[in-house]
Amino acid sequence: MTKKVLLVDDSEAINVMNSYFFRKCSSDLEIVVARNGKEALAILEHPDHLLLPDLVILDLKMPVLDGLEVLEYLDSAEFNFQDSLKIILLSTSMNPEDTRRIEKYPFVINYLVKPLSLDQVNLIVSNHLKE
């Protein structure tokens with residue numbers, strides 16, 4: 001069964017690189033790209049639970065709606081699929097304050113500094129997207 005990955009980053013270069021790495025690690029992935037949190041929520045709010053991504057790679061700092069605002073919405077009562085969500089948060093630095101702020105979201109499974117490497121993506125695919 002094809003797994004779906006949602007890449008959310010305002011950097012076109014990061015989205016292209018991450019798409020390439022995920023496809024290189026597994027040909028059985030559907031990659032969907034959103035350029036900000038608002039676009040990501042439009043995808044995540046789809047009424048068919050089965051169409052949700054298996055994994056979300058979410059940038060922390062973005063215009064329009066940033067990663068923390070996306071997490072706050074997903075943690076709210078308005079969003080009903082928290083139990084099936086797996087999110088890896090990306091940032092350009094490991095700010096201890098950001099780390100503290102995301103600890104309360106059980107669906108955030110990791111917090112990594114970008115850019116991701118091919119080895120990191122390979123581990124992500126092995127640990128979170130293999131049956």
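The legends below describe close-up views of a predicted model.

**View 1. Ser26 in the loop between α1 and β2.** The loop that holds Ser26 lies between α1 (12-25) and β2 (29-34). The relative accessible area of Ser26 is 11%, and the residue counts as buried because this value is under the 20% cut-off. From its side chain, Ser26 reaches the backbone nitrogen of Asp28 at 3.3 Å. Leaving aside residues up to four places away in sequence, Ser26 is in contact with Val125 and Lys130.

**View 2. Strand β1 and its two faces.** All six of the six residues of β1 are buried, and the strand is mostly covered. Lys3, Val5 and Leu7 point one way from the strand, while Lys4, Leu6 and Val8 point the other way. Both sets are buried, the lysines Lys3 and Lys4 included.

**View 3. Pairing of β1 with β2 and with β3.** Six bridges link β1 and β2, and the two strands pair in the parallel sense. Within this pairing, Lys3 has Leu29 of β2 as its bridge partner. β1 also runs parallel to β3, to which four bridges join it. Here Val8 of β1 is bridged to Leu58 of β3.

**View 4. The β-α-β unit formed by β1, α1 and β2.** These three elements make a right-handed unit. Its two strands are parallel, and the loop between α1 and β2 contains Ser26.

**View 5. The largest nonpolar core.** This core has 24 residues, and Leu58, Leu71, Leu74 and Ile87 are those with the most contacts inside it. At least two residues of the core come from each of β1 (3-8), α2 (37-44), β3 (55-59), α3 (67-74), β4 (87-91) and β5 (108-113). The largest share is that of α3, which supplies five residues. Apart from this core lies another, of 17 residues, and Val5, Leu7, Ile88 and Val125 are among them.

**View 6. Surroundings of Ile87.** Not counting residues up to four places away in sequence, Ile87 touches Val56, Leu58, Leu71, Leu74, Phe107, Val108, Ile109 and Asn110. Among these neighbours, Leu58, Leu71 and Leu74 are listed with Ile87 as the residues having the most contacts inside the largest core. Leu58 is also the bridge partner of Val8.

Note on methods:
Residues are numbered from 1 along each chain as its sequence is written. This is a predicted model: local features need pLDDT of at least 70, side-chain atom pairs count only at pLDDT 80 or more; totals for chains, interfaces and linings use all residues. Side-chain values use heavy atoms; hydrogens and water are left out. Buried means under 20% relative accessible area, exposed over 50%, partly exposed in between (1.4 Å probe, protein chains only). A polar contact is a pair of N or O atoms within 3.5 Å; within protein, one must be able to donate a hydrogen and the other to accept it, and residues adjacent in sequence count only if both atoms are side-chain atoms. Contact means heavy atoms within 4.5 Å. A nonpolar core is a set of buried Ala, Val, Leu, Ile, Met, Phe, Trp, Tyr and Cys residues joined through side-chain atoms within 4.5 Å. Two strands pair if DSSP finds at least two bridges between them. A crossover is right-handed if, with the strands pointing away from the viewer, the path from the first strand over the helix to the second runs clockwise.
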